[in-house]
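Welcome to a short set of exercises. Please look over the model below before you start, and keep it open while you work.

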Amino acid sequence: MEISTHTQSVAPERSLGRTVKAYVALTKPRVLELLLVSTVPVMFLAEGGLPDLWLVLATVIGGAMSAGSAAAFNMYLDRDIDAHMHRTENRPLVTGEVTPRGALIFSWTLAVVSTVWLLLTTNWLAATLSAVAIFFYVVIYTMILKRRTEQNIVWGGIAGCFPVLIGWSAVTGSLDWPAFILFVLVFLWTPPHYWPLSMKYKDDYNDVDVPMLGVTRRASQVGLQVILYAWATVACSLLLIPVADMGLVYSVSALVFGGWFIYESHRLYNRAVRGTEPRPMRVFHASITYLTLIFVAVAVDPLLPF
């Protein structure tokens, strides 16, 4: 299927505020928030308490620019299919608010500045991990995997795991088992988070020949995969308890919120098997809440004596 790269013409006059808003939209702010949620709490865990607030701020700024760069590159490369999907038809490159050249310059600028910023304010390891994350999301996921395999989000989702390592390395200058466990947790969480979204927008993905699992498999098959990954995610979260000597707050949170995440996953599958509307967005939103609460527990736990 050949997809036109034509976008709507740019309005002749635009205010500065409208232009800034369009460039901010290139960074996918809602995804950005989720990535930062997994960065800051890990810094608390790595420090074993309250980390240096300037270091936290510097890491957040660098991480935000890095993730924004990856998102902007993604929109630049996917502008052809974004124009044909209802979910993405209002993105700045589709509407003409931002030109492809402007988006590419913006992407490269954020990539370079974020790497240099982290190098100067944190350490070489955090800066290197940031650059690798951008490469993984842009090249491995967007350019290679996304349009070729239904496993695209499984392996491409690795890019979203790097903020955990960046946060840990910014504090310690090294990597350790707790960071790797949280890396794997986010890796396992990504498919049951994104596959329900692919079920919701399966017609969009089908129209542009992107083989998301929600397109290539029946709803019941997707639901089963969501269950398996949800159980694996929760099991991984429990590994952190002995490895990082987590206390009561994290332990209870991992069990309670993990149980809720698994329940919602089973609910999706059961509805799909019965042939009723599976309501995949319920699991999508639940997965976001689950990850947020788990990482809040990661941050709070080291601050308490129990």
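The exercises that follow move from cysteines to helix packing and then to single residues.

This is a predicted model, in which local features need pLDDT of at least 70, side-chain atom pairs count only at pLDDT 80 or more, and totals for chains, interfaces and linings use all residues. Residues are numbered from 1 along each chain as its sequence is written, and side-chain values use heavy atoms, with hydrogens and water left out.

**Exercise 1. Cysteines**

Find how many disulfides the structure holds, and explain the result for Cys-161.

Solution.
- Step 1: start with the criterion, under which a disulfide is a pair of cysteine sulfur atoms within 2.5 Å.
- Step 2: search the whole structure, which gives 0 disulfides.
- Step 3: check the distance. The closest cysteine sulfur to that of Cys-161 belongs to Cys-236 and lies 10.0 Å away, so the two are too far apart for a bond.
- Step 4: look at the surroundings. Cys-161 is buried at a relative accessible area of 0%, and Cys-236 is buried too, at 6%. Here buried means under 20% relative accessible area, exposed over 50%, and partly exposed in between (1.4 Å probe, protein chains only).

**Exercise 2. Two helix pairs**

Describe how α7 packs on α8, then do the same for α11 and α14.

Solution.
- Step 1: choose the descriptors. Two packed helices are described by the angle between their axes and the distance between the axes. Helices (H or I, at least four residues) and strands (E, at least two) are DSSP runs, numbered from the N terminus. Axes are lines fitted to C-alpha atoms, for helices over the stretch in contact, and angles run from 0 to 180 degrees between N-to-C directions.
- Step 2: take α7 (residues 100-121) and α8 (residues 124-145), whose axes are 7 Å apart at an angle of about 160°. That makes α7 roughly antiparallel to α8. The classes are: under 35 degrees roughly parallel, over 145 roughly antiparallel, 65 to 115 roughly perpendicular, and the rest oblique.
- Step 3: assign the hand. The crossing of α7 and α8 is right-handed; a crossing is left-handed if the near helix is turned anticlockwise from the far one by less than a right angle, and right-handed if clockwise.
- Step 4: list the contact, meaning heavy atoms within 4.5 Å. From α7 come Ala-111, Ser-114, Thr-115, Leu-118 and Leu-119, which meet Trp-124, Ala-126, Ala-127, Ser-130, Ala-131 and Ile-134 of α8. These residues divide into 8 nonpolar, 3 polar and no charged. Ala, Val, Leu, Ile, Met, Phe, Trp, Tyr, Cys and Pro count as nonpolar, Asp, Glu, Lys and Arg as charged, and the others, Gly among them, as polar.
- Step 5: turn to α11 (residues 177-200) and α14 (residues 219-243), which pack at about 160° with axes 9 Å apart. They are therefore roughly antiparallel to each other, and their crossing is left-handed. Their contact residues divide into 23 nonpolar, 3 polar and no charged.

**Exercise 3. Helix α10**

Work out how many residues of α10 are buried, and what they pack against.

Solution.
- Step 1: count. In α10 (residues 162-172), 9 of the 11 residues are buried, so this helix is largely enclosed by the rest of the structure.
- Step 2: name some of them. The buried residues include Phe-162, Trp-168 and Ser-169.
- Step 3: find the partners. These buried residues pack against α2 (29-37), α3 (40-47), α4 (53-77), α8, α11 and α16 (280-300).
- Step 4: see what comes next. Just after α10, Gly-173 takes a positive phi of about 75°.

**Exercise 4. Positive phi outside glycine**

Locate Asp-209 and Arg-279, and say whether they are buried, exposed or partly exposed.

Solution.
- Step 1: recall the background. Most residues other than glycine have a negative phi.
- Step 2: Asp-209 has a positive phi near 60° and sits in the loop between α12 (202-207) and α13 (213-216). Its relative accessible area of 42% makes Asp-209 partly exposed.
- Step 3: Arg-279 has a positive phi near 55°, in the loop between α15 (248-274) and α16. At 44%, Arg-279 is partly exposed.

**Exercise 5. A buried isoleucine**

Which residues does Ile-153 contact, leaving aside neighbours within four places in sequence?

Solution.
- Step 1: place Ile-153 in helix α9 (residues 152-156), where it is buried at 7% relative accessibility.
- Step 2: read off the contacts of Ile-153, which are Tyr-141, Thr-190, Pro-191, Tyr-194 and Trp-195.
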